[in-house]
Amino acid sequence: MSTPMRTTEVLTTERLLLRPWLVDDAQAALEIYGHAEVTRWLSPDMDQVLDLAAMRLLLQQWIAEGARLPAPAGRWAIQRTADDQVIGGAILLPLPPGNEDFEIGWQLRPDAWGNGYATESTHALATWAFSQDVQEIFAVVRPGNTRAAATVRKNGMHWVGETTKYFGVELQVFRLRLADLDQAAPTALQPPNLDGD
């Protein structure tokens with residue numbers, strides 16, 4: 001098995017292992033990033049990966065990028081511990097244009113949707129970020145991506161508005177601070193027209 005260039009923090013949850021990507025994960029990664037239902041929410045930052053060779057190249061780029069990123073930033077493979085399958089990917093990356101804000105995000109293969117894995121991964125990454133003296137993190141969600149908006153709210157993230165500041169497209173912005181991770185905290189505000197009504 002290939003080894004990553006830099007040791008990204010390995011994070012564990014009740015059902016998941018978040019670990020550095022390996023080039024050997026290319027087939028599993030293609031089942032995520034080669035799926036149109038996943039990547040339609042990532043464009044224009046990332047397009048659908050069309051084949052195994054392109055996925056290997058992208059993983060190599062991510063691994064090399066990870067070697068240059070300061071903690072707590074990184075990219076993780078989400079591996080289900082029950083069967084050791086890679087079911088998704090997660091990120092904690094500086095947001096353009098100023099690279100001052102941290103974006104938290106995840107992508108799961110469609111057959112893993114609806115099981116709480118995104119919520120579990122987000123909570124683990126947020127806990128890691130706050131342990132590294134990060135004061136707040138953000139999720140940027142495409143309008144209409146109700147599944148992602150629901151996931152960030154389950155983790156206590158608060159909707160702060162819409163902007164084109166990041167990536168040049170209209171995005172809903174959610175913010176999380178350490179106190180918001182408390183599961184007993186009040187439910188976060190929701191953006192208007194959440195269900196397209």
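## D133 and other unusual backbone spots

Let's start with D133, which counts as exposed because its relative accessibility is 65%. You'll find D133 in the loop between α4 and β6. This is a predicted model, and in it D133 has a positive phi of about 70° even though the residue is not a glycine. Why is that worth a look? Most residues other than glycine have a negative phi, and most peptide bonds are trans.

D84 is another case: its phi is near 60°, again positive in a residue other than glycine. D84 sits in the loop between β3 and β4 (85-94), and with 53% relative accessibility it counts as exposed. Then there is the peptide bond from A71 to P72, which is cis, with omega near 10°. P72 belongs to the loop between α3 and β3 (74-80).

## Helix α4 and its buried residues

Go back along the chain from D133 and you reach helix α4, since D133 comes just after it. Helix α4 covers residues 117-131, which makes 15 residues. From first C-alpha to last it reaches 21 Å, close to the 21 Å expected at 1.5 Å a residue.

Is α4 enclosed or open? Of its 15 residues, 12 are buried, so α4 is largely enclosed by the rest of the structure. The buried ones include Y117, A118, L125, W128 and F130, and E120 is also among them.

## A closer look at Y117

Y117 is part of helix α4. Its relative accessibility is 8%, so Y117 counts as buried. Which residues does Y117 touch, leaving out those up to four places away in sequence? They are R15, L16, R80, I87, L108 and A112.

L16 makes a nice example of folding: Y117 and L16 are 101 residues apart along the chain, yet their C-alpha atoms are separated by 7.7 Å.

## Where α1 meets α3

Now for a pair of helices. The axes of α1 (residues 26-33) and α3 (residues 52-68) come within 9 Å and cross at roughly 100°. An angle from 65 to 115 degrees counts as roughly perpendicular, and α1 and α3 are therefore roughly perpendicular to each other.

Who makes the contact? On the α1 side it is A26, Q27, A29, L30 and Y33, and on the α3 side L52, M55, R56, L59 and W62. Sort these residues by type and you get eight nonpolar, one polar and one charged.

## What α5 packs against

In α5, the buried residues are A148, A149, T151, V152 and R153. They pack against β5 (102-108), α4, β6 (136-141) and β8 (171-177). After α5 comes G156, with a positive phi near 85°.

## The whole chain, and how far to trust it

Zoom out and you can count five helices and eight strands. Along the sequence they follow the pattern β-β-α-α-α-β-β-β-α-β-α-β-β. The chain has 197 residues, and 49% of them count as buried. Take the contacts between residues at least 6 apart in sequence: 61% of these join residues at least 24 apart.

How confident is the prediction? The chain averages a pLDDT of 86, and 87% of the residues score at least 70. Over residues 1-6, though, the pLDDT is below 50, and beyond near neighbours in sequence this stretch has 19 contacts in the model. Where pLDDT is low, the predicted coordinates should not be read in detail. Among the elements, α5 (residues 146-154) has the lowest mean pLDDT, 88, and strand β2 (residues 16-20) has the highest, 97.

How values were computed
Residues are numbered from 1 along each chain as its sequence is written. This is a predicted model: local features need pLDDT of at least 70, side-chain atom pairs count only at pLDDT 80 or more; totals for chains, interfaces and linings use all residues. Side-chain values use heavy atoms; hydrogens and water are left out. pLDDT is the predictor's confidence in each residue, from 0 to 100. Helices (H or I, at least four residues) and strands (E, at least two) are DSSP runs, numbered from the N terminus. Contact means heavy atoms within 4.5 Å. Axes are lines fitted to C-alpha atoms, for helices over the stretch in contact, and angles run from 0 to 180 degrees between N-to-C directions. Angles under 35 degrees count as roughly parallel, over 145 as roughly antiparallel, 65 to 115 as roughly perpendicular and the rest as oblique. Ala, Val, Leu, Ile, Met, Phe, Trp, Tyr, Cys and Pro count as nonpolar, Asp, Glu, Lys and Arg as charged, and the others, Gly among them, as polar. The expected span of a helix is 1.5 Å times one less than its number of residues. Buried means under 20% relative accessible area, exposed over 50%, partly exposed in between (1.4 Å probe, protein chains only).
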